[in-house]
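Please look over the sequence and the 3D structure below before reading on, and keep both in view as you go. The paragraphs after them are meant to be read with the model open beside you.

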Amino acid sequence: MNDILLGVDPREQSVPALVWAADEAVRRGLALRLVVAVPPAHEGIRYDALAHQSALRLRAEAAIADAEDLVRELHGGLRIVTERVNGAPAAVLRDMAEHAALVVVGSRRLGRAAEVFSESSVVVPLTARAACPVVVVRVPEHTAVHPPTLVVGVDGSESSQAAIAFAVEEASLREARLRAIWVWPPSVLAHDDRDEGLAERRRLLAEAVAGWAERYPDVALSQEVLRGHPVEQLSLASQESPALIVGRSGRGGHSGMRVGSTVHGLLHRAMCPVITVPLPRRGAWTGDPPRADRSLSRTTDRPRPGDPLGTGARRPPRETVGREDHPGPSAGSPER
């Protein structure tokens, strides 16, 4: 598929997330796939459950139609696909991420307890387990600062290497600068050698970004070692950046909540969209060139990762006029 995947939330659609996803689809020359998930009804009297499910579908259908109309106003020539899938929003988006270039979601800014126990929690479990990069848009990206400068967090880990690879490509697409930051937490040891430690971390940072300037000569790449807490320093650096890019160090776990303490903190505190990048896997989000003409957008009871999810044909118009390469609006809701 290799599309830009946007989770549409009918309760509180994130316009910044929608704008970010549409702009990124244009930058990358990919289709934008608007996906809504209709969660299962709770146990109870069958009539009440059916009525609740019907209300969810109607609300989701209106939300995805509004989202499509807004994207059309922004980018009239962009290929748009809509899809409704029955299931828990986080699980639906996670499964569809197997075949996406990026997944973009907004944030409801849930508290920590709601992130763990609420059915509407999407951001953290999706960030922890998606096979492709996940973009969480809490606030609009900064567009007033020129030239734009992306920020990538580096710590020498394998996951931060994946973040650097994504960041230089993104900076090249945006004609932006890239600021690589290594945050050195204060030591609890009284005899900490600041000068020696600083020199060592500058060396490690230089090794981590070595070779990328040659591969992307159009990207001005700067390197900084900052002293302090990683979440605090990277959040400060994000204040005027279009996006903050970090590697994903967590491994998911049973609940899908283990994203690493730094990533978790940045999802709450960063002042720009946060892009978390997993380790690349063969046949996953890197190395797969976009393919034209896939199967039709469809409504399905369950996502099937093996299915080709494409951008095909027309369906008869519903409340809006049918458009080429775009089936009519559907229903569902990834909630955050």
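What follows goes from the whole chain to single residues and their partners.

The model you see is a predicted one, and a good place to begin is its secondary structure, which comes to ten helices and eleven strands. The protein has 336 residues, and buried residues make up 52% of them. If you take the contacts between residues that are at least 6 apart in sequence, you find that 80% of these join residues at least 24 apart. The protein also exposes about 15700 Å² of surface, and carbon and sulfur atoms supply 51% of that area.

With this overall picture in mind, we can turn to a residue in a loop. D9 lies between strand β1, which covers residues 3-7, and helix α1, which covers residues 15-28. Is D9 buried or exposed? The relative accessibility of D9 is 1%, and because buried means under 20%, D9 counts as buried. The side chain of D9 reaches the backbone nitrogen of R11, at a distance of 3.0 Å.

Aromatic rings come next. How many aromatic pairs does the count give? The count comes to one aromatic pair, and this pair is formed by W212 and Y216, whose ring centres lie 6.2 Å from each other, with an angle of 35° between the planes, so that the pair is classed as tilted. Both W212 and Y216 are buried.

Rings can also have a charged group placed over them, and the model offers examples. The charged end of R227 sits over the ring of W184, 3.7 Å from the centre of that ring. In a similar arrangement, R27 lies over the face of W20, at 5.9 Å from the ring centre.

R27 leads us on to the salt bridges, of which the count comes to 14. E170 forms a salt bridge with R27, and the closest N and O atoms of the two are 4.0 Å apart. This pair links distant parts of the chain, since E170 belongs to helix α6, residues 158-174, while R27 belongs to helix α1, and the two are 143 residues apart. E170 has a relative accessibility of 0% and therefore counts as buried, whereas R27, with a relative accessible area of 26%, is partly exposed. E170 and R27 are also members of a network of salt bridges, in which they are linked with E24, R28, E141, E169 and R174.

Which parts of the chain are tied together by the pair of E224 and R179? The side chains of E224 and R179 meet in a salt bridge with a distance of 2.4 Å from N to O. E224 lies in strand β8, residues 221-227, and R179 lies in strand β7, residues 177-184, so this pair ties together parts that are 45 residues apart in sequence. E224 counts as partly exposed because its relative accessibility is 24%, and R179, at 22%, counts as partly exposed too.

A further salt bridge is found between R94 and D95, where the closest N and O atoms are 3.5 Å apart. R94 has a relative accessibility of 24% and so counts as partly exposed, and D95, at 21% relative accessibility, is likewise partly exposed.

Key. Residues numbered from 1 in each chain as written. Predicted model: local features only at pLDDT ≥ 70, side-chain atom pairs only at ≥ 80, totals over all residues. Heavy atoms only, no water. Helix = DSSP H or I, 4+ residues; strand = E, 2+ residues; numbered from the N terminus. Buried < 20%, exposed > 50% of the residue type's maximum accessible area, 1.4 Å probe, protein only. Contact = heavy atoms within 4.5 Å. Areas by Shrake-Rupley, 256 points an atom, 1.4 Å probe, with all protein chains shown as cover. Polar contact = N/O pair within 3.5 Å; in protein donor to acceptor, adjacent residues only side chain to side chain. Phe/Tyr/Trp six-rings, centres within 6.5 Å; stacked < 30°, edge-to-face > 60°. Lys NZ or Arg CZ within 6 Å of the ring centre and 35° of its normal.
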